[in-house]
Structure formats: structure tokens, C-alpha cells
Amino acid sequence: MLIQYIMNAIITLIIWELRTENPELKIGKESRIVAQRQQGRKRRLSGGVMAHFGVIAGSGLYDIPGLMIKETRTVHTPYGNPSAAYRIGTLSGKDIAFLPRHGIDHTIQPHNINYRANVWGFKELGVQRLIAVGASGGISSDMNPGKIAALDQLIDVTHGRPSTFYEEGKVVHIDFTEPFCPDLRENIFRASEKAAVDVARRGTYICTNGPRLETAAEIKAFSLLGADMVGMTAMPEAVLARELEICFLFITIITNYAAGLAGSTLTTKEVLNEMERSSARIKSLLQVFFDQQFAERRCLCTQALQDASM
Ligand SMILES: [Zn+2]
């Protein structure tokens with residue numbers, strides 16, 4: 001009996017020593033869950049293709065011609081699930097991850113998109129340069145249906161959308177004076193010349209919450225604020241990319257005149273028809289864009305977190 005007691009005490013002591021030396025041997029429920037998550041994450045990240053470029057597309061653009069898909073990857077993020085699985089493929093020797101922001105069957109409304117999960121997922125896949133495409137309504141007189149513009153400024157009037165990765169703990173205020181990567185903008189203008197696809201260099205996009213369209217009075221007010229076009233998705237996509245130091249570019253296709261400017265009511269059919277008409281130009285623009293040589297990133301986006309925390 002005494003021998004049994006001494007043996008049990010020795011075994012208990014050995015196990016305690018081992019756990020103290022190596023915390024991973026702790027068998028607590030919480031540490032087991034964390035370890036499993038970490039292992040799962042390592043498996044996902046090391047198991048598949050990484051991509052340095054990302055494309056997030058909206059209404060009417062569901063693929064990029066020439067993108068040879070190598071893998072379809074489901075990514076789980078600390079912020080929930082992205083809109084769909086990422087399709088990763090190669091085009092002109094570049095690995096590109098593609099995501100439809102409204103989901104595969106276009107069922108996710110702009111205010112319900114999990115923007116944080118979408119952008120975080122790109123980061124997990126290794127994406128450093130993200131190109132976003134979306135439709136918008138033209139406000140200024142030069143923004144007619146069919147026009148393509150690379151945005152240079154933003155006004156955000158959305159509400160209730162989680163728009164930061166720094167909600168608690170560390171207080172971070174990133175600089176957002178120039179919300180879009182200047183280098184990617186230059187790359188798209190070079191591509192536009194080669195592809196002979198006209199892309200406007202200027203565009204202040206006002207982002208509304210939706211899903212309803214705007215009133216005529218709102219559009220009049222937005223015009224006075226300096227907005228050139230109105231859409232529902234560029235924010236918080238742009239700021240979330242900047243918080244993760246990802247270069248971000250937003251190309252918009254003007255699909256209709258904004259409310260009150262055309263003298264008639266707006267329909268989604270009008271938007272989809274124009275997207276269909278313009279998608280060939282967007283696709284050839286993207287093909288030429290990815291055909292370019294990209295230098296190492298030296299833009300402001302790569303240092304977004306420097307001197308940004310309190
Ligand atoms: Zn950049």
C-alpha cells in the first residue's frame with residue numbers, strides 16, 4: 001500500500017515537472033483549443049498556394065479571363081467567414097487570389113458583407129496588392145454610364161459596419177490622407193494606355209450604406225461635398241486593407257446616373273446591363289495590368305502602421 005502511494009506520488013511529480021518545462025503539455029481545455037487552432041492555421045497556410053495579388057470583384061465580374069485556377073481555398077478568419085472560397089490561379093506568371101465580394105450567387109448585400117473577413121483572408125493568403133472592382137452611380141457631369149475610373153478619394157457615410165481591426169486594446173489611427181495606393185494607380189494607368197481602355201484618373205467616391213439607393217436630395221448634397229460617384233462597397237474595404245499594409249486600388253464602372261440626374265427612376269437591371277457591356281473592357285484592362293513587371297513595394301501603404309499607435 002505504501003509502495004503504491006510512493007509510486008503514484010513520483011509519477012505525479014514527473015508529470016508536473018514535464019508540464020512546467022514545456023507549456024504545450026498543459027492539458028487544460030483552453031490551451032488545447034488554442035493549440036488546435038494554431039496547428040490548423042499552420043496546416044492551411046503551409047498546405048496551399050500563396051498569392052501576392054488579389055482581386056475582389058462585385059456585380060457583373062465573376063472571373064478573370066486567362067486566370068488558370070490551381071486551387072479553391074476556404075479561409076476561416078478570426079472575424080468569421082469571407083464571402084466565398086478564394087480561387088487562386090496564375091496569370092502572366094503571377095499568383096492571384098480572386099474573391100466575389102457578394103458571394104458566389106450574389107446573395108450578400110453591401111451592408112452585410114463581412115469586409116474584415118474578406119480582407120483578412122487575402123492577407124492570410126499572402127496578398128500584398130489588392131485590386132477591387134465595383135459599380136457606382138455617376139454624380140459629376142463627366143461620369144457617364146460606361147466610364148471607368150480609378151478612385152483617388154473617398155467620403156464615407158456608411159454606418160454600423162465594423163471598419164477596423166483595432167477595436168480594443170491597442171489604439172491605432174492610421175493615416176488615410178491618400179486612401180488608394182499611388183503605385184497601383186500608376187500601374188493601372190500604364191495598363192489603360194496599353195490596353196486602349198480609357199480610365200479616369202480622378203474620382204471621389206462617396207460610400208453609402210444601402211441597400212436602398214439614394215434620394216435626389218442626397219445626391220445633390222453629395223455633389224456639393226465633392227463626390228463624383230456613389231457606391232456602397234469601397235468602405236470599409238479600403239481602410240481595412242491599409243490597416244493590414246496591403247496596397248489597395250479601387251476601379252469603378254459607372255453603371256447609371258445617380259438619383260435625380262437622369263429624370264427617371266433607377267433599376268438594378270440598368271446597373272447589370274451596363275456592367276455586362278463594360279466587363280469586357282475591365283477584363284482586358286486587368287489582363288494587361290497583370291502582364292506588367294511590378295517593382296518591390298516602396299509606397300506609403302507598406303508603412304501604414306509606423307507611428308500609428310498611441
Ligand atoms: Zn501601396
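Tutor: Helices (H or I, at least four residues) and strands (E, at least two) are DSSP runs, numbered from the N terminus. We have a predicted model here: local features need pLDDT of at least 70, side-chain atom pairs count only at pLDDT 80 or more, and totals for chains, interfaces and linings use all residues. Residues are numbered from 1 along each chain as its sequence is written.

Student: What is the mean pLDDT of the protein chain?

Tutor: pLDDT is the predictor's confidence in each residue, from 0 to 100. In the protein chain, 85% of residues reach 70 or more, and the mean is 86.

Student: Where is the pLDDT below 50?

Tutor: Look for a stretch with 7 contacts in the model beyond near neighbours in sequence; two residues are in contact if their C-beta atoms, placed from the backbone, lie within 7 Å. The stretch with pLDDT below 50 is residues 11-46.

Student: How many residues of α3 are buried?

Tutor: Buried means that 20 or more other C-beta atoms, placed from the backbone, lie within 10 Å of a residue's own. Among the buried residues of α3 are Y115, W120 and F122, along with the charged-looking names R116, K123 and E124. For comparison, 38% of the 310 residues of the protein chain count as buried. Helix α3 is mostly covered, with a buried count of 9 of its 10 residues.

Student: Which residue with a positive phi follows α3?

Tutor: Helix α3 spans residues 115-124. With a phi near 95 degrees, the residue that follows α3 is G126.

Student: Is α3 oblique or parallel to α6?

Tutor: The axes of α3 and α6 (residues 234-243) come within 9 Å and cross at roughly 40 degrees; axes are lines fitted to C-alpha atoms over the stretch in contact, with angles from 0 to 180 degrees between N-to-C directions. Under 35 degrees is roughly parallel, over 145 roughly antiparallel, 65 to 115 roughly perpendicular and the rest oblique. The crossing angle therefore makes α3, relative to α6, oblique.

Student: Which residues of α6 make the contact with α3?

Tutor: On the α3 side, the contact is made by Y115, R116 and V119. Their partners in α6 are P236, E237, L240 and A241.

Student: How is α4 placed relative to α7?

Tutor: Helices α4 (residues 182-195) and α7 (residues 268-290) have axes 8 Å apart and pack at about 115 degrees. Residues including I188 and A191 in α4 meet S284, L285, V288 and F289 in α7. The packing angle is why α4, relative to α7, is roughly perpendicular.

Methods: Buried ≥ 20, exposed ≤ 12 C-beta atoms within 10 Å, placed from the backbone.
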